[in-house]
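Thanks for taking a look at this one with me. Below are some notes to help you find your way around, one short point at a time.

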Amino acid sequence: MIQAILVFNNHGKPRLVRFYQRFPEEIQQQIVRETFHLVLKRDDNICNFLEGGSLIGGADYKLIYRHYATLYFVFCVDSSESELGILDLIQVFVETLDKCFENVCELDLIFHMDKGGLSAAPARAVSAVKNMNLPEIPRNINIGDLNIKVPNLSQFV
Amino acid sequence: MALKMVKGSIDRMFDKNLQDLVRGIRNHKEDEAKYISQCIDEIKQELKQDNIAVKANAVCKLTYLQMLGYDISWAAFNIIEVMSASKFTFKRVGYLAASQCFHEGTDVIMLTTNQIRKDLSSPSQYDTGVALTGLSCFVTPDLARDLANDIMTLMSHTKPYIRKKAVLIMYKVFLKYPESLRPAFPRLKEKLEDPDPGVQSAAVNVICELARRNPKNYLSLAPLFFKLMTSSTNNWVLIKIIKLFGALTPLEPRLGKKLIEPLTNLIHSTSAMSLLYECVNTVIAVLISLSSGMPNHSASIQLCVQKLRILIEDSDQNLKYLGLLAMSKILKTHPKSVQSHKDLILQCLDDKDESIRLRALDLLYGMVSKKNLMEIVKKLMTHVDKAEGTTYRDELLTKIIDICSQSNYQHITNFEWYISILVELTRLEGTRHGHLIAAQMLDVAIRVKAIRKFAVSQMSALLDSAHLVASSTQRNGICEVLYAAAWICGEFSEHLQGPQQTLEAMLRPKVTTLPGHIQAVYVQNVVKLYASILQQKEQAADTEAAQEVTQLLVERLPQFVQSADLEVQERASCILQLVKHVQKLQAKGVPVAEEVSALFAGELNPVAPKAQKKVPVPEGLDLDAWINEPPSDSESEDEKPKAIFHEEEPRHARRRQPEEDEEELARRREARKQEQANNPFYIKSSPSPQKRYQDAPGVEHIPVVQIDLSVPLKVPGLPMSDQYVKLEEQRRHRQRLEKDKKRKKKEKGKRRHSSLPTESDEDIAPAQRVDIVTEEMPENALPSDEDDKDPNDPYRALDIDLDKPLADSEKLPIQKHRNAETVKSPEKEGTPGVEKKSKKPKKKEKKPKEREREKKDKKEELAVSTVAPAKDEVEELKREEPEDEEDNMDRDQEKKSSRHKKKKHRKEKEERPRDKKKAKKKQAAPLENGATEEEEPIPPMSSYCLLAENSYVKVTYDIQASLQKDSQVTVSVILENKSNSFLKNMELNVLDSLNTKMARPEGSSVHDGVPVPFQLPPGVSNEAQFVFTIQSIVMAQKLKGTLSFIAKDDDGATHEKLDFRLHFSCSSYLITTPCYSDAFAKLLESGDLSMNSIKVDGISISFQNLLAKICFHHHFSVVERVDSCASMYSRSIQGHHVCLLVKKGENSVSVDGKCSDATLLSSLLEEMKTTLAQC
């Protein structure tokens, strides 16, 4: 299950924050900050998994993130999720945003946060955004400088 | 008023929208907080306005601020207002804000129940969708209970978009309201085979998540999932299923055996790495759960390890990481298969990525053996030197210690090497793990007797160079090792080569800068050293040297007496007195060594950590009983004041009388024992006290292994562990030669009894042995029975047996006005369970079996009711006759004929429990319709009326309008298959009129029918929805139509048709809208409503029931009611206001109506007349 979706920029400014478990606002900000410091330290060419530890929920949770241009997309998931699957999911999510806003950039998320928030919303609970959005997403979107290292799942039908 | 409106809209032009807010925040980088608080003030103003657009804009901005960390819970009520906006774009903003900030503690959340229910049943799929999405984030137990049934109905929605959302949200509902799991489960299970892949995978997701927490309840689904696994091509679904199997296999080994083959096939065939990885993971889980009886067991393991090796060798760091992660799972059960990849894993230790290095470290833990331990640790030591960043270095340090100490130092063959490694580790700068190293030193020195001599020599060297350790690392924990060093040198001082030198090292002034607890140990162990030196000197008859030592102590101890640390101070002053006393005795020429060393006589035995807890309470001992009578309160109070200076006195006393006798020594010994027992740093002594003294001199009975003499016992300076690696190699080589030469049986005594060394290790005998393998435990220790289950685990409540048939009491609570649909046939009426069932639109998942069971229940109940005494029946018959009339108003009217009387009394009998039940239900779920809130029972009503019927099928329908669509209504048609044939290819066609048209799929002509999206097996009913567009709603309409279908039975298929007339009453265009009495009055005052009235005679039902009927059938709501007079209000989908004044006379009812459209009003009143005439 996905516990939280955090999107923030290279300076740690939150751009889209979605928790599927109740945390008071201060704790939410703290989590965003700590996550930011964790991922900031990491080079782009090292692995995209982080053991969550004390951040959310303890040892069962992992942070899985991707870095696109100026934005970090971080998903906090528990052990029932496939790590590689979530990486693909982030890709799908970014492509969805790209489709919604045409050439998505950081400012899109800020200016259309009502829409952004909702397109993240289907990802809720049992993380079936992948299942939900798939049929509607054309696979051949060309997103500027995304480099996709994880092999894509073979098909989405 | 108009002016106000204009003014409001001008104000609005200056409102900030979200974009302006964001821009503003960016432009006010320096005083962001101030700017935002100013914005919040503006938002508060905007929220006070009536305009919903302004409110939505304000809430939208608040949502953004919430993300930045501002609390917006104060606007919860405004958020609800925006949620209930009719425009989708506003509604969406409201739900988004709610999902961000609502939680179980939000008190206004209970106000949302009806709004959410309305949105859930909205004809627009996007309204429903946004409500479901929002609800998933803030569902509370109350909301879950009230809405469970609505959501469950949506699981069978015609749109897959809604179905999958509904399926997913059910998981949240289950969590909050576990009672809903069993009733909803059959439908959920059915969704596993939904034609839409999205819905299917949603169902898989939900069940996987449920099964992960309580796997045993879902074992029965294994065959279904197995089928899905072999048939599905959706990788997302496959991954989930395979993960689920991973959770199920430990419970059912047979499943595992079946899984191996398809999984290995998948591993070979798939190109998707994620799927491959999950397959490997599950195969590992299967292999772990299976006993080794599998024939191709090792082949599968081999395959997994091979594939993982490919992952690890991949250049992608993610795959590398996951490969290592999975490898560590195999390691637990099949260490050998992993060990062959040692090269690869050691290579990963050099990786630039810290996560990967850490994973590789985890693997090393399981890979060491006696053969390679030294090599691996050597490698790790070089990493320690290289590592930048203390966290990773600390991690390395703990791993080295873990690896070496695992399972009772199983892999260590040479403890001298290990001690030297530990000493080398002390030279690490900035580590936090000094105490870990210290604990290891103590543990090894105590438990490996043969190593003590070596350990002591190393520790004294460490104490000598304490300034190195202490100076640079005062802040961090490395000085902890001095604690261990001091204790070891003191306790095992007999092994010390130069005790004098060590003693001096421990009394250096620099020592006082160490932390208190370490100084305390220093002080204590100085005396132990002193005792052994005294003994040595006295044996050598060197009294002068003995006195010198005493003098040294007397000179140096005062520096500890002045310590700020109480423990140090107390120990030091105590010992100083003792030493002074000894000094006096020495001056008299009395030999004192015996007595001083008697202070520390005895051996300390390690005790198992839990031993103390497990000592059984002897029979007849009551630990709670008072040993003495409890002292009375007054006594203790008297004594307390004296105690203030109590502490000082004894100390002075002791100083004044340094000469103490044997008694004092014994007392101190006792105190020391006590202190040791309470000191957590002391290894607790054995619970059998006699042991301690008995083996004081008994060193000879300890089996000590001969240490190879070629190993130098004293290494000058700090040791280099590498030397020991070489020496150990030589030792092994020699051992092997010896063995080859002699070829005699192995010395069993050299082997540890704890763990069996693996075959390859067998020929390496350890140089020293770990002395106490199983730590001491009290005899007949109690078995520990710890319950790991957390009682607060939210998933625990979902541990529900799903295979048990549903009990009637388990049905979901259903909101009443939806249920009020009439029961289908007379013989069904009255059974509570059935009643509930039939109230929901029948769905195809209702299995024939279930229906049979219900019928049976029903018969039993009927049987009971007919047994009731005859006399009562008659009386009841008379008394309740009038009410019975209305009961029959619904569709089963045609059935009452000659059997009338008999049936009637039966019905009455059943009526009562039903009413009671209803009353109860009403309390549980308050209704939105004002008229039904009163105590009086209201007869069941149904908005569904008969459309057409023949021998095959019975069709009922209801027309629903929605505020969002002003020229559209939805017709819900329930089709019930009454025959034994299978009905398929059903198609509904209507002859459109100019005004009313059926919405057909694009591209089809007006003459084409609209297919019904399901088929009907015998005895099953289901609901289909059709959308009609209407231009004018002021007149009632009738449309002719046909339902065509193919009925298929054993004899063959026939094409059938059923004609019907669809009646669009004006009432169906009305929407129940609540209205406050002041607004109602204003509306009437405005004077632009036309008026009409009707009067109906011969009305006998109660006014309450009458109002309920009008509310229900004509979608009105009661504004005010005074005695037998009520004002009512409703609104059409095109915005016409309709106001009614209903008055009840003796036997008549008059209805005055006012409406913005005269034609609509007269049509409505006509319809109302018909309804009332039936009463």
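1. Start with R447(B) and D443(B), which form a salt bridge whose closest N and O atoms are 3.3 Å apart. The two sit 4 residues apart in helix α25 (residues 434–447) of chain B, so about one helical turn separates them. An α-helix has 3.6 residues a turn, so residues three or four places apart point the same way. R447(B) is buried, with a relative accessible area of 5%. Please keep in mind that this is a predicted model.

2. How many salt bridges does a search of the whole structure find? There are 34 over all chains. Some of them share partners, and in this way D78(A), E209(B), R212(B) and R213(B) are joined into one network.

3. Two of these members lead us to S80(A). This serine is found in the loop between β5 (71–77) and α2 (83–101) of chain A. Its side chain makes a polar contact of 2.9 Å with the side chain of D78(A), and another polar contact, of 3.2 Å, joins it to the side chain of E209(B). Is S80(A) buried or exposed? With a relative accessibility of 6%, S80(A) counts as buried, because the cut-off for buried is under 20%. Beyond its neighbours within four places in sequence, S80(A) is in contact with M1(A), E209(B), R212(B), K240(B) and K243(B).

4. Next, have a look at helix α11 (residues 181–190) of chain B. Of its 10 residues, 7 are buried, so the helix is largely enclosed by the rest of the structure. Among the buried ones are L181(B), P183(B), F185(B) and L188(B). What do the buried residues of α11(B) pack against? Their partners are α9 (141–154), α10 (160–176) and α12 (197–213) of chain B.

5. Two salt bridges are worth viewing together here. One pairs D194(B) with K191(B) at 3.6 Å, N to O; D194(B) counts as buried at 8% relative accessibility, and K191(B) does too at 7%. The other pairs K227(B) with E193(B) at 3.2 Å. That pair links distant parts of the chain, 34 residues apart: K227(B) is in helix α13 (residues 222–231) of chain B, and E193(B) is in the loop between α11 and α12 of chain B. K227(B) is partly exposed at 48%, and E193(B) is partly exposed at 47%.

6. Helix α18 (residues 317–333) of chain B offers a simple check of geometry. At 1.5 Å a residue, its 17 residues should span 24 Å, and the end C-alpha atoms are 26 Å apart, which agrees. Most of α18(B) is covered, with 14 of its 17 residues buried. At its start, a side-chain oxygen of D316(B) comes to within 2.7 Å of the backbone nitrogen of N318(B).

7. For a view of the surface, turn to F77(B), M110(B) and L111(B). They form a nonpolar patch with about 340 Å² of accessible area together. F77(B) belongs to helix α5 (residues 76–83) of chain B and is partly exposed, at 43% relative accessible area.

8. Finally, two loop residues deserve a glance at their backbone angles. A541(B), in the loop between α30 (516–539) and α31 (543–556) of chain B, has a phi near 55°, a positive value in a residue other than glycine. A541(B) is exposed, at 62%. H1115(B), likewise not a glycine, has a positive phi of about 60° and lies in the loop between α48 (1103–1114) and β12 (1117–1122) of chain B.

Technical notes. Residues numbered from 1 in each chain as written. Chains lettered and ligands numbered in written order. Predicted model: local features only at pLDDT ≥ 70, side-chain atom pairs only at ≥ 80, totals over all residues. Heavy atoms only, no water. Patch = residues over 30% accessible without salt bridge, like charges linked within 9 Å, V, L, I, M, F, W, Y side chains within 5 Å. Areas by Shrake-Rupley, 256 points an atom, 1.4 Å probe, with all protein chains shown as cover. Salt bridge = Lys/Arg side-chain N within 4 Å of Asp/Glu carboxyl O. Buried < 20%, exposed > 50% of the residue type's maximum accessible area, 1.4 Å probe, protein only. Expected span 1.5 Å × (residues − 1). Polar contact = N/O pair within 3.5 Å; in protein donor to acceptor, adjacent residues only side chain to side chain. Contact = heavy atoms within 4.5 Å.
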